[in-house]
Amino acid sequence: MLILNPYDTHIGEIALKEVLKQMQIWQIWAIVGFIFLFIEMMTPVLFFLTLAGASFFAGIAAYKWPDNTAAQVAAFVIFLPVFYFSVRPFMQKKDKEPSSTGIDAKYIGQTAIVTKPVGKKETNGVGEIKIYGEVWQAKSCDGAVIEPEAIVKIIKNESLIMFVEKCEN
């Protein structure tokens, strides 16, 4: 049993040495596994999770065969690629194609109603459209004049200006 004197100035050094002497190897493997889990939580790269799993299996081997270092290392080396190729694909994001967000997803390709003429020279081609109850500035893609109440399709946007073309009825 380890009895420590709280007034000893070398208590940290002595305590660590004594604790390590009394620990079994499977406990050390488990601690290493938990350290890898902690690192994985701090840096989610999904590599340290595989190291943690392999460490836990090496700890099981160490519990079963405490004097056989080769079995422990073999368990670690065997389970590292097993975890890497089996767990990692399930933990990674499934989306292969980027999802559309913002203006592209909500407005591009949708129809709107012209509220102020689009394409007139007096306004530098800028008019207004209304979509989803919102009013946006708009320009004609081909420079054509589009009168109010016409239905247009939004082709693209640049900053806060939508570029539209008239829909054929």
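In this predicted model, K153 stands opposite E165, a residue of strand 5. Strand 5 is joined to strand 4 by 6 bridges, and the two strands run antiparallel. Strands of a sheet pair through backbone hydrogen bonds, in either a parallel or an antiparallel manner.

This pairing belongs to a wider arrangement. The 5 strands close into a barrel in the order 1-2-3-5-4, with mixed pairing. From one strand to the next, the twist averages 55°. Seen along the whole sequence, the protein has 6 helices and 5 strands, and these follow the pattern α-α-α-α-α-α-β-β-β-β-β.

The strands also supply residues to the interior. The largest nonpolar core has 14 residues, and those with the most contacts inside it are V114, I129, I146, V152, I154, M162 and V164. Two or more residues of this core come from each of strand 1 (111–116), strand 2 (127–131), strand 3 (134–140), strand 4 (151–158) and strand 5 (161–166). A second core lies apart from this one and has 8 residues, among them W29, F36, A52 and A58. In soluble globular proteins, nonpolar side chains tend to be buried together.

I154 offers a helpful view of the surroundings of a core residue. Leaving aside its neighbours within four places in sequence, I154 is in contact with Y107, I108, G109, Q110, A112, I129, I131, M162, F163 and V164. Among these partners, I129, M162 and V164 are also listed with I154 as residues with the most contacts inside the largest core.

A polar residue can be followed in a similar way. S140 lies in strand 3 and has a relative accessible area of 10%; S140 therefore counts as buried, the cut-off being under 20%. The side chain of S140 makes a polar contact with the side chain of D142 at 2.7 Å, and it also reaches the backbone oxygen of A144 at 3.2 Å. With neighbours within four places in sequence left aside, the residues in contact with S140 are V118, G125, I146, F163 and V164.

Some totals complete the picture. The protein has 169 residues, and 25% of them count as buried. Of the contacts with a separation of 6 or more, 45% are between residues 24 or more positions apart. The accessible surface comes to about 12000 Å², and carbon and sulfur atoms account for 63% of it.

Technical notes:
Residues numbered from 1 in each chain as written. Predicted model: local features only at pLDDT ≥ 70, side-chain atom pairs only at ≥ 80, totals over all residues. Heavy atoms only, no water. Core = buried A, V, L, I, M, F, W, Y, C linked by side-chain atoms within 4.5 Å. Buried < 20%, exposed > 50% of the residue type's maximum accessible area, 1.4 Å probe, protein only. Helix = DSSP H or I, 4+ residues; strand = E, 2+ residues; numbered from the N terminus. Contact = heavy atoms within 4.5 Å. Areas by Shrake-Rupley, 256 points an atom, 1.4 Å probe, with all protein chains shown as cover. Polar contact = N/O pair within 3.5 Å; in protein donor to acceptor, adjacent residues only side chain to side chain. Pairing = 2+ DSSP bridges. Axes fitted to C-alpha atoms, helices over the stretch in contact; angles between N-to-C directions.
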